[in-house]
Amino acid sequence: MTRKKRLVFVLLWAQGWFVLSRNFQLQRVGDITWLFNNYNFGEASKYIDELIMLNVGGGADFKIFLTEAEKVGSQCFIPFTIGGGIRELSSIRECFLFGADKVVLNTALKTLPDLVKHAADIYGRQALVGSIDIGIARNGGYYLMLEGKKSYIPFSELIEYTIQASSAVGELIVCSVNRDGTGMGLDWDLWNQIVSPEKIVCPVIFLGGVGNSAHISEGLLREDIDAVATANLFNFIGDGLQLARYEVAKDGIPIPKFLPYDAI
Amino acid sequence: MITRRVVIVDYGAANVKSLSSALGYLGISHLLASHPRELDEADAIIIPGVGSFGNAVDNLSRDNWFEEIRNAVLVRQLPLLGICLGMQLLVECSDESPGKAGLSLISGKAKAFGAIQECSQVKALHVGFNSVKLDGYKDSTLMYGLTDENDFYFTHSFYLDLNDFGGCIGRTNHGLEFCSLYERENIFGVQFHPEKSQSNGLRLLKNFASFL
């Protein structure tokens, strides 16, 4: 199979602001004008393979989120995935109407399996991206983040859940709450404990902790990882994504090769 | 000055917005046509597509799209580009929807990856970036300025099995090698989504519009 690995960027949006997250605590950074004019995201987006934009403000302001997502998506010529707080089929439909290629289901993946099945029947599994946010507490207990809150889950049930989820959607995002926003690198402890590559039947995107291109390469070098994602706006500011992409390609990782934009 | 334009057949398939954004970025004049009579304005036609063959055929059968598209392509000789499901609609039929007929502008049929022996659940879908390798012997209009092996975004579970080997100038591997790029005279087809393939796709769309 000669499918390429992917470098995915995640934009976190809450109530009109793009935010930084650290261990799921949010900090406002700038609005959409800031993102395109100051951060120059239009330029940065030329160096990624996929864009995910999530409404992490508690599912509120859905219509505003969709309007802003549509603006962001129209500036980027890559697969565009959106989600956050989705609980109904009509919301999923609206995501597609506003320019999404795929929709993310997180809490709904766990609590509304019938919705997931119904959406898969209508739109196809490949249009749905499951998202699982996993944390490990100090006492060693595992928890999911559901509706913005910690939900403790026994270890064996967690393993079972990831396996079952992988057959309900087209791909899974596994996110480490402990490493989120720390820039310390991907959470290999979590990965090795939780993800059973032989039993997970869909491609997996690993998210949480990426600080530099070496972390990205480390992730993409693994056979069981299809894509590495980062939501860290500031670690890759300016030409950071362009440089990261260059380094990852230099490490011999098969990411897509694109013409320079000035050669179009 | 007459504005020459691309007409996108908007028959209810998703993603016309992305395609429209891409053409807009390139400064290519275009219009989204919801009725076949709008093909009168066309200097080139794009058929996009996401979803099932059968649904697309049903949508196109309303309002006489089939006859108008065939007339525009075969009589007026307009350049036509089919994208993803739009490419599959150019052949005669698809295993996805027995009994439904495509435009029959290319001889062949669409088959399921999932029907291949020992096909895993993952391999039944082809989703992600993959390479399109050009046949070394022929020049490609769509790939002008690109290299012999280029990455584009695919998302499909059916592929084309063509009788016209000469027209297939680009192939991609997903368990088997299938035709991912077709060019013959004024008929073009790409199995991937150029509007989701960064600069590679934009270059390809620009090359198609060079007819204008």
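**Helix packing in chain A**

Tutor: In this predicted model, A:Phe62, A:Lys63, A:Leu66 and A:Glu70 in helix 3 of chain A meet A:Ser91, A:Glu94, A:Cys95 and A:Leu97 in helix 4 of chain A, where contact means heavy atoms within 4.5 Å. Residues are numbered from 1 along each chain as its sequence is written, and side-chain values leave out hydrogens and water.

Student: What makes up the contact of helix 3 of chain A with helix 4 of chain A, by residue kind?

Tutor: The residues of that contact divide into 4 nonpolar, 1 polar and 3 charged, with Ala, Val, Leu, Ile, Met, Phe, Trp, Tyr, Cys and Pro counted as nonpolar, Asp, Glu, Lys and Arg as charged, and the others, Gly among them, as polar.

Student: Why are helix 3 of chain A and helix 4 of chain A called roughly parallel?

Tutor: Their axes come within 10 Å and cross at roughly 25°, and angles under 35 degrees count as roughly parallel, so helix 3 of chain A and helix 4 of chain A are described in that way.

Student: Why, then, are helix 4 of chain A and helix 6 of chain A called oblique?

Tutor: The axes of helix 4 of chain A and helix 6 (residues 113–123) of chain A cross at roughly 40°, whereas oblique is the rest once under 35, over 145 and 65 to 115 degrees are taken out, and therefore these two helices are oblique to each other. The contact is made by residues including A:Ile92 and A:Phe96 of helix 4 of chain A and A:Leu115 and A:Ile122 of helix 6 of chain A.

Conventions: Chains lettered and ligands numbered in written order. Predicted model: local features only at pLDDT ≥ 70, side-chain atom pairs only at ≥ 80, totals over all residues. Axes fitted to C-alpha atoms, helices over the stretch in contact; angles between N-to-C directions. Helix = DSSP H or I, 4+ residues; strand = E, 2+ residues; numbered from the N terminus.
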